[in-house]
Amino acid sequence: MIISRTPVRIALGGGGTDLPAYYSKHGAALISAAIDKYVYILVKPRFNQEIRVSYSQTEIVSSVEDIQHPVVRETLRFLKIDGGIEIVSVADVPANAGLGTSSSFTVGLLNALYAYKGEYPTAKVLAQEAYTIERVILAEAGGLQDQYVAAFGGLITIDVNTAGEVSVRPLAINRDLLAELESRLLFFDTRLTRMASEIQAEHVKALAGGVGEAIQSLHTIKRIGVETREALERADLDQFGRLLNEHWLHKRRVARNISNGDIDRWYELARQAGALGGKLIGAGGGGFLMFCCDQEHRDRVRRVLAGEQLGEVRFRFEPTGSRILVNL
């Protein structure tokens with residue numbers, strides 16, 4: 001029996017520049033962090049040659065081609081695993097909440113199935129192959145930061161050149177600053193779920209012409225991503241918060257479905273209560289609202305958003321990426 005544990009992520013800067021429609025022409029610069037919410041994958045032999053897959057549904061089929069879950073089907077095909085296997089997934093957070101859960105699932109599934117075969121790929125290989133399965137084989141719209149954060153973990157910078165080559169490095173900040181950053185970030189569940197691929201498809205459509213407001217907004221978001229990295233590395237968390245606000249104002253211009261009236265209202269209430277800045281985590285349209293607040297205004301922001309029936313969720317940074325917890 002194999003059990004893998006793979007973190008989900010929060011994006012802190014440069015989000016959207018990792019779409020191929022953008023980075024293939026202009027490159028990408030992102031900051032993202034793994035957090036202590038996970039996707040768990042259990043893999044074990046089955047007593048016969050059937051395949052049992054359990055997620056929000058349960059499938060029992062006689063062949064890989066009959067599996068309805070697209071990522072499970074294509075990952076088994078990718079690794080040339082035929083049958084006689086059980087796969088069970090459990091997650092700490094719901095799907096479609098803007099935390100990169102689907103890519104964490106893919107990375108964790110690859111990691112568990114490789115261990116099942118007695119193989120142990122690097123984090124880079126896991127990220128690259130998860131990207132291939134999701135974006136190339138299944139042609140799902142989206143970027144590449146989710147796969148890399150799930151595989152590498154930690155608080156990392158991701159740079160992508162126009163050839164699609166990815167460079168990952170840990171952000172150069174110490175533990176004390178990391179703890180202070182954790183204490184300044186507040187997360188609220190909007191209770192709005194959405195399909196990230198549908199949101200991303202709208203982004204790609206907006207970028208298709210290579211000109212106009214969408215492309216100019218992503219140019220600015222890329223610049224803000226670089227400035228966010230610099231602000232964190234010089235321990236300027238107030239500037240980090242202000243850059244979050246600037247990022248969000250430009251992110252909303254990329255496509256119409258990124259925000260809505262409720263999200264805009266909640267955001268403005270938090271700003272009026274003293275939040276330095278914030279953003280929706282993920283592609284947009286729903287999920288979690290993240291705000292950066294100083295010590296003085298944190299509780300005020302909490303009270304205001306509690307009055308809007310938004311539940312706060314506590315996250316901490318996770319230093320490791322996808323891991324094999326059990327290998328029996």
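Two residues are in contact if they have heavy atoms within 4.5 Å of each other. The close-ups below are taken from a predicted model.

**View 1. Surroundings of helix 6.** Helix 6 spans residues 175-184, and its buried residues are Leu177, Leu181, Glu182 and Arg184. Around the helix axis these residues cover an arc of only 165°, so they sit on the same side of helix 6. An α-helix has 3.6 residues a turn, so residues three or four places apart point the same way. Arg175 and Asp176 are exposed on the other side of helix 6. The elements that cover the buried residues of helix 6 include two helices, helix 8 (213-233) and helix 9 (237-251). Strand 6 (155-160), strand 8 (185-189) and strand 10 (288-292) are also among them. At the start of the helix, the backbone nitrogen of aspartate 176 has a side-chain oxygen of asparagine 174 within 3.2 Å.

**View 2. The largest nonpolar core, centred on isoleucine 10 for display.** This core holds 69 residues, and the members that touch the most others are Ile10 and Leu185. Its biggest contribution comes from strand 2 (residues 28-45), which supplies 9 residues. Beyond its neighbours within four places in sequence, isoleucine 10 contacts Ser32, Ala33 and Ile35. Its further contacts of this kind include Leu99, Leu185, Phe187, Ile281, Met290, Phe315 and Phe317. Another core, of 22 residues, lies apart from the one shown; Phe188, Ile221, Ile263 and Val301 are among its members. In soluble globular proteins, nonpolar side chains tend to be buried together.

**View 3. Aromatic pair of phenylalanine 187 and phenylalanine 315.** The structure contains 7 aromatic pairs. In the pair shown, the ring centres of phenylalanine 187 and phenylalanine 315 are 4.8 Å apart and the ring planes are at 50°, so the pair counts as tilted. Phenylalanine 187 belongs to strand 8, while phenylalanine 315 is in the loop between strand 11 (311-312) and strand 12 (323-327); the pair therefore ties together parts 128 residues apart in sequence. Both phenylalanine 187 and phenylalanine 315 are buried, and both are among the contacts of isoleucine 10.

**View 4. Other aromatic groupings.** One aromatic cluster is formed by Phe188, Trp248, Tyr267 and Phe291. Of these, Phe188 is also among the members of the core of 22 residues. In a separate panel, arginine 5 lies over the face of tyrosine 38, at 4.2 Å from the ring centre.

**View 5. Serine 4 in strand 1.** Serine 4 is part of strand 1 (residues 2-13). With 0% relative accessibility, serine 4 counts as buried. Its side chain reaches the backbone oxygen of glycine 108 at 2.9 Å. Not counting residues up to four places away in sequence, serine 4 touches Val39, Tyr40 and Ile41, Gly108 and Ala112, and Arg323, Ile324 and Leu325.

**View 6. Serine 103 in helix 3.** Serine 103 is placed in helix 3 (residues 101-116). Serine 103 is buried, because its relative accessibility is 0% and the cut-off for buried is under 20%. Leaving aside neighbours within four places in sequence, the residues in contact with serine 103 are Glu134, Arg135, Asp146 and Gln147.

**View 7. Positive phi at alanine 139 and glutamine 309.** Alanine 139 is in the loop between helix 4 (123-137) and helix 5 (145-152). Its phi is near 55°, a positive value in a residue other than glycine. Alanine 139 is exposed, at 59% relative accessibility. Glutamine 309 is in the loop between helix 11 (298-306) and strand 11. Phi of glutamine 309 is near 65°, likewise positive in a residue other than glycine. Glutamine 309 has a relative accessible area of 58% and is exposed.

**View 8. Proline 319 in the loop between strand 11 and strand 12.** Proline 319 counts as exposed, with 64% relative accessibility. Apart from neighbours within four places in sequence, proline 319 is in contact with Phe152, Gly153 and Gly154. The C-alpha atoms of proline 319 and alanine 33 are 8.6 Å apart in space, and the two residues are 286 residues apart in sequence. Alanine 33 also appears in View 2, among the contacts of isoleucine 10.

Conventions: Residues are numbered from 1 along each chain as its sequence is written. This is a predicted model: local features need pLDDT of at least 70, side-chain atom pairs count only at pLDDT 80 or more; totals for chains, interfaces and linings use all residues. Side-chain values use heavy atoms; hydrogens and water are left out. A nonpolar core is a set of buried Ala, Val, Leu, Ile, Met, Phe, Trp, Tyr and Cys residues joined through side-chain atoms within 4.5 Å. Buried means under 20% relative accessible area, exposed over 50%, partly exposed in between (1.4 Å probe, protein chains only). Helices (H or I, at least four residues) and strands (E, at least two) are DSSP runs, numbered from the N terminus. The arc is that of the directions from the helix axis to the C-beta atoms. A polar contact is a pair of N or O atoms within 3.5 Å; within protein, one must be able to donate a hydrogen and the other to accept it, and residues adjacent in sequence count only if both atoms are side-chain atoms. Rings of Phe, Tyr and Trp (its six-membered ring) pair if their centres lie within 6.5 Å; planes under 30 degrees apart count as stacked, over 60 as edge-to-face and the rest as tilted. A charge sits over a ring if NZ of Lys or CZ of Arg is within 6 Å of the ring centre and within 35 degrees of the ring normal.
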